[in-house]
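Welcome! Let's take a friendly look at the aromatic rings in this structure and at how they meet one another.

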Amino acid sequence: SSGINAEYGAGHANGIGRSDVVALLDNHLDPAKYKLHFPPDKQFSLLFTDDICSDLLQQIDTTQIKNNCLYCAFISETISFDSFAEVRPPGLQLVMECVERDVEEQLMNMFLSHSENTAQEDLKNRITLHYGYKFDYKTNSVDLSSPLDEPIPACVQEIISKLAPHITITPNQLTVNIYQPGQGIPKHVDTHSIFTSEILSLSLGSDVLMDFKNPETGVILPVLIPARSLTVMSGESRYLWHHGITPRKTDALMDVTRRELRISLTLRECTPEPCTCAYPSQCDSQNYGKPDFSVHNEQDAAAIEREYVGDVYEKIADHFSSTRHTTWPGVVRFINSLPRHSVLVDVGCGNGKYLGVRDDVLFIGNDNSYNLCSICRDRGREVFACNALSIPLRACTCDAVICIAMLHHITTPERRKVVLQNLAQLLRPGGLCLVTVWAQEQHLDMNNSKEESVCPCPTDSTEEGVGRRHFTDQDVFVDWKKDRSLYYRYYHVFLEGELDGLIRQLDNVEIVEVTYEKANWCAVFRKTC
């Protein structure tokens, strides 16, 4: 259509959706003669029609919808409605109305009954059931040597057979996700090494908006997944793009819709064969370019820390700093709990985002990276460069020490203990130290509480993706992309009890608190004398 009219005040950002505007337009226009587009998160909508009349314009200009006044503006540029068509990741297919409404209801009742009467996993953001093989959220994998007693239900197998024209795999593993309104799932890629070329998801009960993100370009595409539809991910959409559902109670694409109870059936084919896909950056089978972890002596340990920690942070300091702007509320709360005029040392301070949280505390920072220290000095912070294995500060002079996301870069238990001893040595008697490290257990929710504990990680996608990774080993190399270069940083991810076990080996300290929060182990200890 050539006539384009912008209706200001009628947009998703105002809580107004397509159905609200259609009710107004249908009094004046033939529904077959106009099209509507709602740009995401905007306060206007676009009306495409050649049949504008003065009565309609007057009606729009004198109407309120949900306490929003509307007014019209014509757009002079030529815009095609087709330019707003939903864009999907390559390889993503939607098959509509795969089951009848009565079958949908029967399936939902069956799985809800199963969730009440059989063993199920109550994750923080949803309830899950498994058939054929159990999916392990700690490793993001399945144990092919231990099939479950309960196979994929026959009624689901019957649906799979009817979908044969649209799929190429023979599913042997089913994960059922039960979402209450407001729940979602973090963006992720289904594990390459254990599942074959297609991932299937049958959506029941409620429409939902699923976000797809290309990790190489940062492009995010929202895709509406209607109830009773089958999502087929293959090729690039299966192996490269991350998909997830933002936890919220409403979605806005063409219309503002309220989410209802939703159940998804994720169907996959397990395989013992390694993945040979064309997307090695996301492939756990290929691991191209990753170094081997081999430590036989102190020289080996120091060499890994120098090459895969110190040297890397010198190269990525500016880029790394640009992603480290959010302070963790738990760390800020720890700092705010200190008495006025306390002396606090931040060991491994990075870009110094905690140096200056309070005006009445003396902050001193240190980091192994000269370039990160330069960033701190440019911000007017008191910092110096040193290795945490040897901190040139007088003992018993600090009221508090924080060591946030640094200890996991140290390669051996003996060297990690030395760092902890150095932290304790800085404290005066009664002083407190907060230490946080990445956890190998990336999907626990041990506190099962909405209240934040000592050290919650930020959920901003620009921060490190803790909680969205899976670690099969404790000593790992995690990639960092800067421009067109790929760097690997060494991490030792901690098991439950490992951090507090090291602290208990120290003299003259007592543990105040150990918590698991957002895929981190966090510990506070006090110097006793």
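Rings of Phe, Tyr and Trp (its six-membered ring) count as a pair if their centres lie within 6.5 Å, and a pair is called edge-to-face if the planes are over 60 degrees apart. By this rule there are 10 aromatic pairs in what is a predicted model.

**The pair of Phe111 and Tyr131**

- Phe111 and Tyr131 meet edge-to-face, with 5.8 Å from centre to centre and 65° between their planes.
- Distant parts of the chain are linked by this pair: Phe111 sits in helix 3 (residues 101–117) and Tyr131 in strand 9 (residues 126–131), 20 residues apart.
- Phe111 has 0% relative accessibility, so this residue counts as buried.
- Tyr131 is buried too, at a relative accessible area of 2%.

**The pair of Phe477 and Tyr490**

- Phe477 and Tyr490 are edge-to-face because their ring planes stand at 65°, with the centres 5.9 Å apart.
- Phe477 belongs to strand 27 (residues 475–482) and Tyr490 to strand 28 (residues 485–492), so this pair ties together parts that lie 13 residues apart in sequence.
- Are Phe477 and Tyr490 buried or exposed? Both Phe477 and Tyr490 are buried.

**A cluster of rings**

- Which residues form one aromatic cluster with Phe477 and Tyr490? Phe293 and Tyr308 join Phe477 and Tyr490 in that cluster.

**A charge over a ring**

- Over the face of Phe135 lies Arg268, at 4.8 Å from the ring centre.

Technical notes:
Residues numbered from 1 in each chain as written. Predicted model: local features only at pLDDT ≥ 70, side-chain atom pairs only at ≥ 80, totals over all residues. Heavy atoms only, no water. Phe/Tyr/Trp six-rings, centres within 6.5 Å; stacked < 30°, edge-to-face > 60°. Helix = DSSP H or I, 4+ residues; strand = E, 2+ residues; numbered from the N terminus. Buried < 20%, exposed > 50% of the residue type's maximum accessible area, 1.4 Å probe, protein only. Lys NZ or Arg CZ within 6 Å of the ring centre and 35° of its normal.
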